Amino acid sequence: MATIDIGGLAIPERALTFKFVRASGPGGQNVNKVATAAQCRLDLDAAGIEGGLRRRLEALAGKRLTVAGEIVVFCDTHRTQARNREAALMRLAAMIEEAAAEPRPRVATRPSARARTRRLEAKRQRGATKRLRGPVGADE
C-alpha cells in the first residue's frame, strides 16, 4: 500500500481523493473549458488519524470538515491541475503540521507582592488626584 508523507505524517493514498472542477473568476476561455481547480479530500478514518491530533485537526479545519469526517481543501490559484494539486497538498500539510504541535499547558501565575503594592499605590495616587478636582473657591 502506497503512502504519502504529508506534514510529517504517513497517509495512505486511499485516504486522499482528488476531484478537478472548473475554476471561477477571470481567465478567459481557459476558465470556461478546462477543469483546473483541485479539490482534495482527506478521509480522517481511512488515514488512521486518532486521539489529540485528530481533535486538533478537526478544530483547525472548521467549516472545511464534512459530516462524513473528511477535510476538504480547495485550490484554484494556478492555471494547471498539477500545480493546484500540489498547492492543495501543501495547504493540507500546513494544517497537519499546525495540528501536530501540541499546545503548551497554561501555568497559572500570581502577581508578586511588590507588583500588588505598586498597583495599590498607583490607585491611591490616582484617587488623591481626583479628590483634588472639586469646585474652585468653595470654602467648606
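User: Which residues are buried in helix H3 (residues 51-61)?

Analyst: In this predicted model, the buried residues of helix H3 are Leu53, Arg54, Leu57 and Ala61.

User: How should such a pattern of burial along a helix be read?

Analyst: The general idea is one of periodicity: an α-helix has 3.6 residues a turn, so residues three or four places apart point the same way. In the present case, the buried residues of H3 line one face of the helix, because they fall within an arc of 95° when viewed down its axis.

User: Which exposed residues does the face of H3 turned away from its buried side carry?

Analyst: That face carries Arg55 and Ala59, both exposed.

User: What covers the buried residues of H3?

Analyst: The cover includes two strands, S2 (9-12) and S5 (70-75), together with the helices H2 (44-47) and H4 (81-100). As for what follows H3, the next residue is Gly62, with a positive phi near 60°.

User: Turning to the cysteines, how many disulfides does the structure hold?

Analyst: A disulfide is a covalent bond between the sulfur atoms of two cysteines. The structure holds zero disulfides.

User: Why is Cys40 not bonded to Cys75?

Analyst: The closest cysteine sulfur to that of Cys40 belongs to Cys75 and lies 10 Å away, which is too far for a bond; the cut-off for a disulfide is 2.5 Å. Cys75, likewise, is in no disulfide, its nearest cysteine sulfur being that of Cys40.

User: Are these two cysteines buried or exposed?

Analyst: Cys40 is buried, at a relative accessible area of 0%. Cys75 also counts as buried, because its relative accessibility is 0%.

Note on methods: Residues numbered from 1 in each chain as written. Predicted model: local features only at pLDDT ≥ 70, side-chain atom pairs only at ≥ 80, totals over all residues. Heavy atoms only, no water. Buried < 20%, exposed > 50% of the residue type's maximum accessible area, 1.4 Å probe, protein only. Helix = DSSP H or I, 4+ residues; strand = E, 2+ residues; numbered from the N terminus. Arc of directions from axis to C-beta. Contact = heavy atoms within 4.5 Å.
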